[in-house]
Every structure is written in structure tokens, then in C-alpha cells.
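Take a brisk walk through this protein model, from its strands to its surface. Please look at the structure before reading on.

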Amino acid sequence: SKVPNLIYKKCPDFVLSDSHSVETLDELPCPDFDGLPLTKYSTFSGEKVSLTFETSRECYWNKCVYCVDLPHPKQGYRVKNPRLAVTNIKELLKRYPQVDFSMSDPAMSPNQMLGISKEILKENLNLSWWCFARLDKHFTRDIFDLAKKAGCRAVAFGMETANQRLLDLVQKGINLNTAQTILRDCHDAGIDVHLQMMLGIPTETKEDALETITFLVENRDIIEMAIFNIYYLTPGCL
């Protein structure tokens, strides 16, 4: 019970330890992948070894009502200084040449993408990476252009649905018109657009689902890939 942030079994229940701690990302060491069978972890292209690296923890939006993180104790959104993050990336490139980076932030913010991209270019690093992101209104073509120059090859956006009523219901904070502009800007910058979609959101009708399908079909020229997930209930979520 005194181990910080531990969920453990105390028959017949699972309980959370009484002790909590929040790490400072800037004080964490560079990840160490030694001893792992890295060749078994391939990228989408299958051409390089994939390394997972995070530049932030938790989601800066943190409002989506279905998010499985919401029932858990929150430590708060925190980021790693872009300069320190890229210093770690530079070290990893020396230790593991010819790798592809999966930036595993729950959602890389526009500001963090800008900062990371600038530092990569400043260090003149040659790398390939992709990340998850929200369809945040602050993303611009300039940010995507810079990210592309810094080696970003794909962004996976959590869009979930193309029905505005459902987006508002689950508190995504997404406007469909703005989302379409962001997707177009990302594509036009030369970055692959990947979408995470969802079926079965509470109150979704057949017509609502078809709106999502129609959106994907109408924008197939800018969407590289769409992955569908089936909505499921988790404790404490809608």
C-alpha cells in the first residue's frame, strides 16, 4: 500500500495504493531498449525497427468522456522540454541506428510538435517518426511543414466520428469544418493522415454512422488509413 501509484489485488478487489508521486519528465533518463528483441517490432512500412518514445504524458485536453484514463487518479499533463527530448532521441539514434520512432504521447500538442520539430532540425538529425494528435484548431500548415522537414511521416488523429452531435456528446472539442482543414493541411504538407474512428457511441444511429462513412469516402484523397474501434463501456465513463 506504500508503493506509489500501484494498483494491486487485495482479495477480492483491486485497490490503489495510498501513496502517490508525480515524476518530472525532464529528470527522467533516456530510455534503454537493450536486451529487447527489437527486430520483432516493425513499423507500418516494415522497413525499420520501431522504438517507442514519449515527449509528454497524459492528454492536455483530458475531456473526452469515454477515455479509459478518466477514472484513474490523474497526475496532470506534463511535457518533456523539446531540447531534452531531442537530446534523448539523438542518443538513441547512436545506440540503435536505422530506427523509426513512434512518439507515444497520448496526443502531441501543436506547441510540442513545433518545439520537437525545431530541435530536430537544429540538431540536423535524420530520422523518421509518427505520432498521435487531436484535431486541434491550433494546428497549422506551417507546423505540419516543419514537422515534415523534421522527419514526421504520419499523424494518427483521434477523430472517432464525423457526426457533430456525437462529437459534442463525447466532448471531443472538434469542429468538423476545422477538422477537415487540419486533415487537408497535414496531407498537403506530405504527412500521411491516419484516423482513429469509433462505431457504437451511445445514441449513435445508423444514419449517424453512415455520416462517418460518407466523410471518409469523400475525403479518401487525403486519408491514408482509417482504423475503426468498437465503443465499449469502462467504469466511470459514458
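## Strands, rings and loops

Histidine 194 stands opposite methionine 225, a residue of β10. Strand β9 covers residues 192–199, and six bridges join β9 to β10. The two strands run parallel. Two strands count as paired if DSSP finds at least two bridges between them. Strands (E, at least two residues) and helices (H or I, at least four) are DSSP runs, numbered from the N terminus.

The model is predicted: local features need pLDDT of at least 70, side-chain atom pairs count only at pLDDT 80 or more, and totals for chains, interfaces and linings use all residues. Residues are numbered from 1 along each chain as its sequence is written, and side-chain values use heavy atoms, with hydrogens and water left out.

**The open sheet.** In what order do the six strands of the open sheet lie? The order is β3-β6-β7-β8-β9-β10, and the pairing is parallel. At the edges are β3 (49–53) and β10 (225–230), each paired on one side only. On average, neighbouring strands of this sheet are turned by 20° against each other, direction ignored. Such angles are taken between N-to-C directions and run from 0 to 180 degrees; the axes are lines fitted to C-alpha atoms. Strands of a sheet pair through backbone hydrogen bonds, either parallel or antiparallel.

**The hairpin.** Strand β1 (residues 7–10) and strand β2 (residues 13–16) show the antiparallel sense, over four bridges. They form a hairpin with two residues between them. Lysine 9 has phenylalanine 14 in β2 as its bridge partner. Proline 12 sits in the loop between β1 and β2. A cis peptide bond joins cysteine 11 to proline 12, with omega about 0°.

**Rings.** The structure holds six aromatic pairs. One of them joins tryptophan 130 and phenylalanine 132: 4.9 Å centre to centre, with 65° between the planes, so the pair is edge-to-face. Rings of Phe, Tyr and Trp (its six-membered ring) pair if their centres lie within 6.5 Å; planes under 30 degrees apart are stacked, over 60 edge-to-face, and the rest tilted. Is tryptophan 130 buried or exposed? Tryptophan 130 is buried, with a relative accessible area of 11%. Phenylalanine 132 is partly exposed, at 27%. Buried means under 20% relative accessible area, exposed over 50%, and partly exposed in between (1.4 Å probe, protein chains only). Elsewhere, ring pairs link Phe139, Phe144 and Phe157 into a cluster.

**Two positive phi angles.** Both residues in this table have a positive phi although neither is a glycine.

| Residue | Phi | Loop | Relative accessible area |
|---|---|---|---|
| Glutamine 98 | near 60° | between α1 (82–95) and β6 (99–103) | 61%, exposed |
| Threonine 203 | about 80° | between β9 and α6 | 51%, exposed |

**The nonpolar patch.** Which residues make the nonpolar surface patch? Leu210, Ile213, Val217 and Phe228 make it, and its area is about 320 Å². Helix α6 (residues 206–218) gives the most, with three residues. Valine 217 lies in helix α6. Valine 217 is partly exposed, with a relative accessible area of 43%. Patch residues have over 30% relative accessible area and no salt bridge; nonpolar side chains (Val, Leu, Ile, Met, Phe, Trp, Tyr) are joined within 5 Å, like charges within 9 Å. A salt bridge is a side-chain nitrogen of Lys or Arg within 4 Å of a carboxyl oxygen of Asp or Glu. Accessible areas come from the Shrake-Rupley method with a 1.4 Å probe; for residues, only the protein chains shown count as cover.
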